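Colleague: I would like a close look at one part of this protein, the packing of its helices. Please go through it slowly and then set it against the rest of the chain.

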Amino acid sequence: MNSYADFRNESDVLAEKWIYDSLLAIGIMPHLKGFSQTVRAVVLTAESVCKVNIKDIYVLIARESDCKQENVERNIRNAICYAQSNETLIGINKIAGVEIVKNKYSSLSNNQLVSLLAHLYLQKLCPPRSISAFLHPPAYL
C-alpha cells in the first residue's frame, strides 16, 4: 500500500516547509504528535476545492495515522495549548500580517488555526490566477 509520502512532489515539499516554519514561528514544536497532524490538516484543507468540514479532515488523518478521530482532534488542540502556554501563539499575527490573536492569553480553535494557515498558504504560495483565465476559458470547457 502506498503512503502519502510516496506521492509527494516538489510543490508539496515547499508547502509543508512553509507550514512547518509557520508552526515553529507560533511555538508548536515538532516533537508534539499534533505537529505532523496539524501540517497534514492544513495541506488537506488547502487542497480541498470547496469548504471542508474539519471533522472530515480528522477522519482522513486518523486513517493515515492509524488512530482515532478523537486522538487527532486532541493532538492538534494539545499543540495549540502548548503554544499558548509558552505565550508564543501571538506569533500568528506576524505570519498573517494582521492582529489575529489579541494578547498572549488568547487562543485559537483547531478549525481556526487550520483554516487560517491553509488560507495564508494559498494566498502566499499559490500564484494568483489572471483575470484573463476567467474571461477566456480553455476550449474544452
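Modeller: What follows starts with the overall fold, goes on to the helix packing, and ends with the loops and cysteines.

The model is predicted. Its protein chain has seven helices and zero strands, and read along the sequence the pattern is α-α-α-α-α-α-α. Of the 141 residues in the protein chain, 36% are buried. Among contacts with a separation of 6 or more, 58% join residues 24 or more positions apart.

Helix H4 is a good place to begin. The axes of H3 and H4 come within 8 Å, crossing at roughly 105 degrees. An angle from 65 to 115 degrees counts as roughly perpendicular, so H3 is roughly perpendicular to H4. On the H3 side the contact is made by Lys55, Tyr58, Val59, Ile61 and Ala62, and on the H4 side by Gln69, Val72, Glu73 and Ile76.

Tyr58 deserves a separate word. This residue is found in helix H3 and, at 2% relative accessibility, counts as buried. Leaving aside neighbours within four places in sequence, Tyr58 is in contact with Gln69, Val72, Glu73, Ile76 and Asn110. For Tyr58 and Val72, which are 14 residues apart along the chain, the C-alpha atoms are separated by 6.0 Å.

H4 also packs with H2. The axes of H2 and H4 come within 8 Å and cross at roughly 105 degrees, which makes H2 roughly perpendicular to H4. Here Lys33, Gly34, Gln37, Thr38 and Ala41 in H2 meet Asn71, Val72, Asn75, Ile76 and Ala79 in H4. Val72 and Ile76 are listed in the contact with H2 and also in the contact with H3.

The next level is the nonpolar interior. The largest nonpolar core has 37 residues, and those with the most contacts inside it are Leu23, Ile26, Ile28 and Leu113. At least two residues of this core come from each of H1, helix H2 (33-47), helix H3 (54-65), helix H4 (69-85), helix H5 (92-96) and H6. Leu23 shows which partners such a residue can have: setting aside neighbours within four places in sequence, Leu23 is in contact with Ile28, Phe35, Thr38, Val39 and Leu117. Thr38 is thus named among the partners of Leu23 and among the H2 residues that meet H4.

H1 and H6 are linked by aromatic rings as well. A search of the whole structure finds two aromatic pairs. One of them is formed by Trp18 and Tyr121; the pair is tilted, with 6.3 Å centre to centre and 45 degrees between the planes. Trp18 lies in helix H1 (residues 10-25) and Tyr121 in helix H6 (residues 110-125), so the pair ties together parts 103 residues apart in sequence. Each ring belongs to a residue on the inside of the cut-off, since buried means under 20% relative accessible area: Trp18 is buried at 16%, and Tyr121 is buried at 14%.

Asp21 is also placed in helix H1, but at 36% relative accessibility Asp21 counts as partly exposed. Asp21 and Ile95 are 74 residues apart in sequence, and their C-alpha atoms are 9.9 Å apart in space.

Two loops on either side of H4 hold backbone angles that a biochemist may want to check. Most residues other than glycine have a negative phi. Asp66, which is not a glycine, has a positive phi of about 55 degrees. Asp66 is placed in the loop between H3 and H4 and, at 73% relative accessibility, counts as exposed. Glu87 is placed in the loop between H4 and H5. Its phi is near 60 degrees, again a positive value in a residue other than glycine, and at 40% relative accessibility Glu87 counts as partly exposed.

That leaves the cysteines. The structure holds zero disulfides. Cys67 counts as partly exposed at 26% relative accessibility, and Cys81 is partly exposed with a relative accessible area of 39%.

To return to the request: H4 crosses H3 at roughly 105 degrees and H2 at roughly 105 degrees, while Trp18 of H1 and Tyr121 of H6 tie together parts of the chain that are 103 residues apart in sequence.

Definitions and conventions. Residues are numbered from 1 along each chain as its sequence is written. This is a predicted model: local features need pLDDT of at least 70, side-chain atom pairs count only at pLDDT 80 or more; totals for chains, interfaces and linings use all residues. Side-chain values use heavy atoms; hydrogens and water are left out. Rings of Phe, Tyr and Trp (its six-membered ring) pair if their centres lie within 6.5 Å; planes under 30 degrees apart count as stacked, over 60 as edge-to-face and the rest as tilted. Helices (H or I, at least four residues) and strands (E, at least two) are DSSP runs, numbered from the N terminus. Buried means under 20% relative accessible area, exposed over 50%, partly exposed in between (1.4 Å probe, protein chains only). A disulfide is a pair of cysteine sulfur atoms within 2.5 Å. A nonpolar core is a set of buried Ala, Val, Leu, Ile, Met, Phe, Trp, Tyr and Cys residues joined through side-chain atoms within 4.5 Å. Contact means heavy atoms within 4.5 Å. Axes are lines fitted to C-alpha atoms, for helices over the stretch in contact, and angles run from 0 to 180 degrees between N-to-C directions. Angles under 35 degrees count as roughly parallel, over 145 as roughly antiparallel, 65 to 115 as roughly perpendicular and the rest as oblique.
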